[in-house]
Every structure is written in C-alpha cells, then in structure tokens.
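Morning, everyone. Please take a look at the structure on the screen, and then we'll go through one helix together.

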Amino acid sequence: MEARPTNPEGPSTRLRVMCVDDNPIVVEALALKLGLLGGFEWLRPLGDADRLVREVQRQRPDVVLLDLDMPGREPLEALAELSAVGSAARVLVFSGHTRPDLV
C-alpha cells in the first residue's frame with residue numbers, strides 16, 4: 001500500500017494510523033502488529049467516535065481503523081460527518097460481528 005500522507009508538515013514515508021475502538025486489547029494488538037511490520041506511525045487512539053472528526057482534523061491520519069460497534073456516537077454517523085468535512089483520511093471499518101445484517 002502506497003502512503004499518501006495528509007500531514008501538512010510534508011511527506012512522510014510512514015503511514016499515519018489512528019484506531020477508534022472501545023476495546024483496549026484490540027487497540028493494543030493492532031498497535032503491536034503494526035509496530036512489528038514497521039512503516040507506520042501509531043497516533044493516539046480513541047475509545048469512541050464522539051470526537052472522531054475533531055481528532056482526525058487535529059492528528060491528520062492517513063488511515064483510520066474504525067470499529068463498527070462502540071458506545072457513544074454511532075460510528076457510521078461520525079464517518080458520514082468526516083466525509084462531509086472533506087477529510088482525506090482513508091477509513092477501514094471493522095467489526096467482530098458475524099451477523100450478515102451487521103457485516
């Protein structure tokens with residue numbers, strides 16, 4: 001995957017990743033895995049989608065890993081707002097659900 005940095009300070013060879021998930025074990029596992037792979041800058045994670053738009057604008061990730069099922073604001077609602085404000089961040093939505101209507 002080619003990095004397309006959105007960092008206003010200039011290009012980077014590392015992909016800036018933000019995780020939004022309420023499960024600290026999932027967040028830590030993803031951080032460890034990406035750390036082992038190298039080439040990633042792990043940004044401060046969020047435990048819910050309440051501040052997603054504000055934090056994406058502040059931290060400028062290239063990629064957001066977004067859990068589909070969390071307390072607080074609906075993640076897909078926050079995703080729609082993120083798109084509406086013109087964020088260049090790519091978003092990967094994930095879930096532990098296996099029900100077809102949720103997948």
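What covers the buried residues of α3? Hold that thought while I set the scene. This is a predicted model. The chain has 103 residues. In it we find 3 helices and 4 strands. Read from the N terminus, the order of elements is β-α-β-α-β-α-β.

Now to α3 itself. This helix spans residues 75-84, and Pro75, Ala78 and Leu82 are its buried residues to look at. Why do these three sit on the same side of α3? Because the arc they cover around the axis is only 60°. Turn to the other side of α3, and you meet Ser83 and Ala84, both exposed.

Back to the opening question. The cover over the buried residues of α3 includes a helix, α2, at 52-59. It also includes two strands: β3 at 63-67 and β4 at 90-94.

One backbone detail before we leave this region. Gly86 comes just after α3, and its phi is positive, about 80°.

Let's zoom out to the chain. How much of it counts as buried? The figure is 31% of the residues. On the surface side, about 6500 Å² is exposed. Carbon and sulfur atoms supply 54% of that area.

Last, the contacts. Take the pairs of residues at least 6 apart in sequence. Of their contacts, 70% join residues at least 24 apart.

To recap α3: Pro75, Ala78 and Leu82 are buried, with α2, β3 and β4 among what covers the buried residues, while Ser83 and Ala84 are exposed on the other side. That's it from me.

Terms used: Residues numbered from 1 in each chain as written. Predicted model: local features only at pLDDT ≥ 70, side-chain atom pairs only at ≥ 80, totals over all residues. Heavy atoms only, no water. Buried < 20%, exposed > 50% of the residue type's maximum accessible area, 1.4 Å probe, protein only. Arc of directions from axis to C-beta. Contact = heavy atoms within 4.5 Å. Areas by Shrake-Rupley, 256 points an atom, 1.4 Å probe, with all protein chains shown as cover.
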